[in-house]
Amino acid sequence: MGRGVNAGVAFTMVRPHDLLKLNRSSLASDAPAWAHTALSRIPFAVVRRAVGADDAIPIGIRGDVRTQRYAAYANRQDIEAIVGPEQLLAASPSADRRSLGAFVALARLCAVRRLARYEWGPTGSAGFELATRRPTVSASSDLDLLVRAPDEMAPGEAAALMADIRAEGAMAGARIDVQLETPAGAIALSEWAAAKPRTMLRTPNGPCLVDNPWSAQPLDLSPVGGA
């Protein structure tokens, strides 16, 4: 699984929420000890939505507990494979993990016709477990999804899609958070479905309020970051 890479692969081929399998650690020596340990045990990192360069890809390292999150950069030549959220729909959790709410919800969503119109896949703890085969999902974990929306989505369509997703989440007993990935950045599906005058757009330079994420003209900048 995954898109193989080599030293000639450009940074633009790596997208936020992609998981990178690293063949060696790019972490600086002053990174927390837990981050070095985490990468040596599970050599995967998630691509952060931040400004990078051809040879410096912004990544996030996750530890054993929720408070262990570390922002770093990976060298392009250290990447062995790239795993996108869409690819993870072909992966299955181990038999003893399939009954967890997040995985039940993910299985149910694969049959939703409206969602099938888009490229989409799991991120967060569910995506990480499916890519690495290491248990990271708990009974109380939310299911995080990314839905690619290269073309403008009407708020009415967003509301209908949100209703379908929430219905499946309720049946599975799991809360589902959905980000729409537009050419300019990411927005929360629930916000766009609410048809508010302005929507928070997450970009590599930070979040900003916009009136239309597909023809984004930032209206207000904020120092808050995130993927």
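# Exercises on a predicted protein model

At a relative accessibility of 47%, arginine 133 counts as partly exposed. This residue and others serve below as material for exercises on a predicted model.

## Exercise 1. Backbone angles in two loops

Task: Describe the location, the exposure and the phi angle of arginine 133 and of alanine 195.

Solution.

Step 1. Locate the residues. Arginine 133 is in the loop that joins α3 and β8. Alanine 195 belongs to the loop between α5 and β11 (199-203).

Step 2. Classify the exposure. Partly exposed residues lie between the 20% limit for buried and the 50% limit for exposed. Arginine 133, at 47%, is therefore partly exposed. Alanine 195, with 49% relative accessibility, also counts as partly exposed.

Step 3. Read the angles. Arginine 133 is not a glycine, yet its phi is positive, about 65 degrees. Alanine 195 is likewise not a glycine and has a positive phi of about 55 degrees.

Step 4. Set the angles in context. Most residues other than glycine have a negative phi.

## Exercise 2. The two sides of helix α4

Task: Determine which residues of α4 are buried, which are exposed on the other side, and what the buried residues pack against.

Solution.

Step 1. Describe the helix. Helix α4 covers residues 155-172, 18 residues in number. From its first C-alpha to its last it reaches 25 Å, close to the 26 Å expected at 1.5 Å a residue.

Step 2. List the buried residues. In α4 these are Glu157, Ala158, Leu161, Met162, Ile165, Glu168, Gly169 and Ala172. Viewed down the axis of α4, the buried residues fall within an arc of 130 degrees, so they line one face of the helix.

Step 3. Turn to the other side. There, α4 has the exposed residues Gly156, Arg166, Ala170 and Met171.

Step 4. Identify the partners. The buried residues of α4 pack against α2 (101-109), β9 (176-182) and α5 (189-193).

Step 5. Look past the end of the helix. Glycine 173 follows α4 and has a positive phi, near 75 degrees.

## Exercise 3. Helix α1 in the same manner

Task: State which residues of α1 are buried and which elements help to cover them.

Solution.

Step 1. Name the residues. Helix α1 (residues 33-41) has Ala35, Ala38 and Leu39 as its buried residues. Seen down the axis of α1, these buried residues fall within an arc of 95 degrees, so they line one face of the helix.

Step 2. Name the exposed residues. Ala33 and Ser40 are exposed on the face of α1 turned away from its buried side.

Step 3. Find the cover. The buried residues of α1 are covered by elements including β2 (19-22), β3 (44-47), β4 (57-62) and β5 (69-74).

## Exercise 4. The nonpolar cores

Task: Identify the residues of the largest nonpolar core that touch the most other members, and the elements that give two or more residues to this core.

Solution.

Step 1. Recall a general tendency. In soluble globular proteins, nonpolar side chains tend to be buried together.

Step 2. Describe the largest core. It has 42 residues, of which Leu109, Leu143, Met153, Ile165, Leu180 and Leu189 touch the most other members. Two or more residues of this core come from each of α2, α3, β8 (143-148), α4, β9, α5 and β12 (206-210).

Step 3. Examine one member. Setting aside residues up to four places away in sequence, leucine 189 touches Met153, Ala158, Leu161, Met162, Ile165, Val178 and Leu180.

Step 4. Note the other core. Apart from the largest core lies another of 17 residues, among them Val14, Ala31, Ala35 and Ala74.

## Exercise 5. A threonine in a strand

Task: Is threonine 182 buried or exposed, and which residues does it contact beyond its sequence neighbours?

Solution.

Step 1. Locate the residue. Threonine 182 is part of strand β9.

Step 2. Apply the limit. Buried means under 20% relative accessible area. Threonine 182, at 5%, therefore counts as buried.

Step 3. List the contacts. Leaving aside neighbours within four places in sequence, threonine 182 is in contact with Ala149, Ile187, Leu201, Pro213 and Trp214. The side chain of threonine 182 also reaches the backbone oxygen of proline 213 at 3.4 Å.

How values were computed:
Residues are numbered from 1 along each chain as its sequence is written. This is a predicted model: local features need pLDDT of at least 70, side-chain atom pairs count only at pLDDT 80 or more; totals for chains, interfaces and linings use all residues. Side-chain values use heavy atoms; hydrogens and water are left out. Helices (H or I, at least four residues) and strands (E, at least two) are DSSP runs, numbered from the N terminus. The expected span of a helix is 1.5 Å times one less than its number of residues. Buried means under 20% relative accessible area, exposed over 50%, partly exposed in between (1.4 Å probe, protein chains only). The arc is that of the directions from the helix axis to the C-beta atoms. Contact means heavy atoms within 4.5 Å. A polar contact is a pair of N or O atoms within 3.5 Å; within protein, one must be able to donate a hydrogen and the other to accept it, and residues adjacent in sequence count only if both atoms are side-chain atoms. A nonpolar core is a set of buried Ala, Val, Leu, Ile, Met, Phe, Trp, Tyr and Cys residues joined through side-chain atoms within 4.5 Å.
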